[in-house]
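Trainee: I have a structure open and would like to learn how to read its features one by one. Could you walk me through a few?

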Amino acid sequence: MKKLMICVLTAVTIMGMSAQAFAADLETQKSKSDVTEDAISISNYAPKDIDINKVEICGKNIEIGRNGVLIYKGKIMVPLKTTAESLGFKVDADKDNKIVSLDNNEIKTNVYVGEDSYYYSSSNAIGLTMMHELGAEPIIDNNTVYVPINFYNFLFNDQKAVGSFFVRDKDGQWIYSVNGELSAGWKLINNKWYFMNNNGIMQRGWVQTNGNWYYLLNNGEMAVNTVTPDGYKVDENGKWDGKSASNLATQTEGADYIINPIENFDTIEDAQKVLKFKITVPKELLGKYNIKYINTISRDLFQICYVNKQNDIIFRMGQGSGDISGDYNNYKTNTNVNINGNDVKLKGDDELIKVATWSANDMSYSISVNDGMKQDDIINIIKSTF
């Protein structure tokens, strides 16, 4: 079976970093307080059409809705009313929505749209702090006032009032906040390495560090001591060993990118036109799901993503008999079941199945469920594909 490019391959050249093995880079990162242990987990994909998106302020996980955060002047901007009210503030705005007053009976302040000038005072005493700049003024987007999230570090006089967490922006891209600031470069989070580009966006696929290549899985984690979905071996430090480079060799000499093998389609019928095999999709999803995307990878593999408020279901099929799930995580549960005469491998944790793979009639199939699903439920979905 032709090797498949499972992820968008993104090459990012980082200037000025050591050309030594990535292990040396790890030690450098550890000395820069970039090691974070309190991050929330992230799903395989970052769907912008699911209303689950939280930030952590003062120990509270605050739901900010499907619009996510904004990135403005290098700052993470959050909706003021939603976050302030969740923290116990009474929020009042003038008729033009240009001046917003906050008061929680202990602290009060006015926020002025368009002015990078912040202060606060006591709700019960005379006097206020000096005006302070945060690097970005409050802005209005879609009739909503946004402020830099580190406004709350200032307001509560605590540089760690804003926690460290993954959150999606309005385009559905994952970013990582460290106490309210954008992250860039390599970050060790919950003992897993991630890479954020210069705009703070979590990367997937291939990235390059001064000549060394590393592969980031769909959930952003750096692959280590394994074979990547497109067939390349990476060592215990995540570095590609330089072998089996047939796909990489097609790039232009000196270029810092790889051609994206993923083609997006509006309908299953449109995708069918470029494939040599007949597409089969699940007929039963056990609930109401919407289609997030439909695409092919190198015109050898078909995938479709279904989403609802609770879960993502990714169905893939391609010619051959290999594992095309792209999921190389270690799971507690690894079991085989026979479904309509086909041997199906199920993997997951805590009695929930997250990955199912099987082969039939010279075709390979996989189903990935980001938050997991009961075994009987995923078996019913698999049965509906036959």
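Trainee: Let's begin with a polar contact: which backbone atom lies 3.1 Å from a polar atom of the side chain of Asn219?

Mentor: The backbone nitrogen of Glu221 does. Keep in mind as we go that this is a predicted model. Asn219 belongs to the loop between strand 18 (212-216) and strand 19 (226-227).

Trainee: Is Asn219 buried or exposed?

Mentor: Asn219 has a relative accessibility of 8%, so it counts as buried.

Trainee: Glu221 has my attention now. Which residue of strand 18 touches it?

Mentor: Look at Leu216, which lies in strand 18. Leaving out residues up to four places away in sequence, Leu216 touches Trp186, Phe195, Gln203, Arg204, Gly205, Val207, Glu221 and Met222. Its relative accessibility is 0%, and Leu216 therefore counts as buried. For a distance across this part of the chain, take the C-alpha atoms of Leu216 and Thr228: they are 8.9 Å apart, with the two positions 12 residues apart along the chain.

Trainee: On to charges. How many salt bridges does the structure hold?

Mentor: The structure holds 4. One of them joins Glu137 to Lys73, with 3.0 Å between the closest N and O atoms. Glu137 sits in the loop between strand 9 (121-122) and strand 10 (139-141), and Lys73 in the loop between strand 4 (70-72) and strand 5 (75-79), so this pair ties together parts that are 64 residues apart in sequence.

Trainee: How do the two partners compare in burial?

Mentor: Glu137 counts as buried, at 13% relative accessibility. Lys73 is exposed, with a relative accessible area of 54%.

Trainee: Which residue does Lys75 meet in a salt bridge?

Mentor: Its partner is Glu181, at 3.2 Å from N to O. Since Glu181 lies in strand 14 (residues 181-182) and Lys75 in strand 5, the pair ties together parts that are 106 residues apart in sequence. Lys75 is buried, with a relative accessible area of 15%, while Glu181 counts as partly exposed at 32%.

Trainee: And what does a salt bridge inside a helix look like here?

Mentor: Try Lys81 and Glu85, whose closest N and O atoms are 2.7 Å apart. Both residues lie in helix 2 (residues 80-86), and their spacing of 4 residues is about one turn of the helix. Each partner counts as partly exposed: Lys81 at 47% relative accessibility, Glu85 at 40%.

Trainee: Now the sheets. What holds strands together in general?

Mentor: Strands of a sheet pair through backbone hydrogen bonds, and the pairing is either parallel or antiparallel. In this model, 4 strands form an open sheet in the order 4-5-11-10, with antiparallel pairing. Strand 4 and strand 10 stand at the edges with a single partner strand each, so one side of each has no neighbour in the sheet. On average, neighbouring strands of this sheet are turned by 45° against each other, direction ignored.

Trainee: How many bridges pair strand 4 with strand 5?

Mentor: There are 3 bridges, in the antiparallel sense. To follow one residue across, start at Leu70: its bridge partner in strand 5 is Met77.

Trainee: Which sheet includes strand 14?

Mentor: That is the open sheet of 3 strands in the order 12-13-14, again with antiparallel pairing. Here strand 12 (164-168) and strand 14 stand at the edges, each having a single partner strand, so one side of each is left without a neighbour in the sheet. Strand 13 (residues 174-178) is joined to strand 14 by 2 bridges. Across that pairing, Val178 has Glu181 as its bridge partner, the residue whose side chain also meets Lys75 in a salt bridge.

Trainee: Could you show me a hairpin too?

Mentor: Strand 2 (residues 54-57) and strand 3 (residues 60-63) run antiparallel and are joined by 4 bridges. Glu56 has Asn61 as its bridge partner in strand 3. The hairpin has 2 residues between the strands, and Cys58 takes a positive phi near 55°.

Trainee: Since you mention a cysteine, how many disulfides does the structure hold?

Mentor: As a general idea, a disulfide is a covalent bond between the sulfur atoms of two cysteines. The structure holds 0 disulfides. You can still compare cysteines by burial: Cys58 counts as partly exposed at 38% relative accessibility, whereas Cys305 is buried, with a relative accessible area of 0%.

Technical notes. Residues numbered from 1 in each chain as written. Predicted model: local features only at pLDDT ≥ 70, side-chain atom pairs only at ≥ 80, totals over all residues. Heavy atoms only, no water. Buried < 20%, exposed > 50% of the residue type's maximum accessible area, 1.4 Å probe, protein only. Pairing = 2+ DSSP bridges. Axes fitted to C-alpha atoms, helices over the stretch in contact; angles between N-to-C directions. Polar contact = N/O pair within 3.5 Å; in protein donor to acceptor, adjacent residues only side chain to side chain. Disulfide = S-S within 2.5 Å. Contact = heavy atoms within 4.5 Å.
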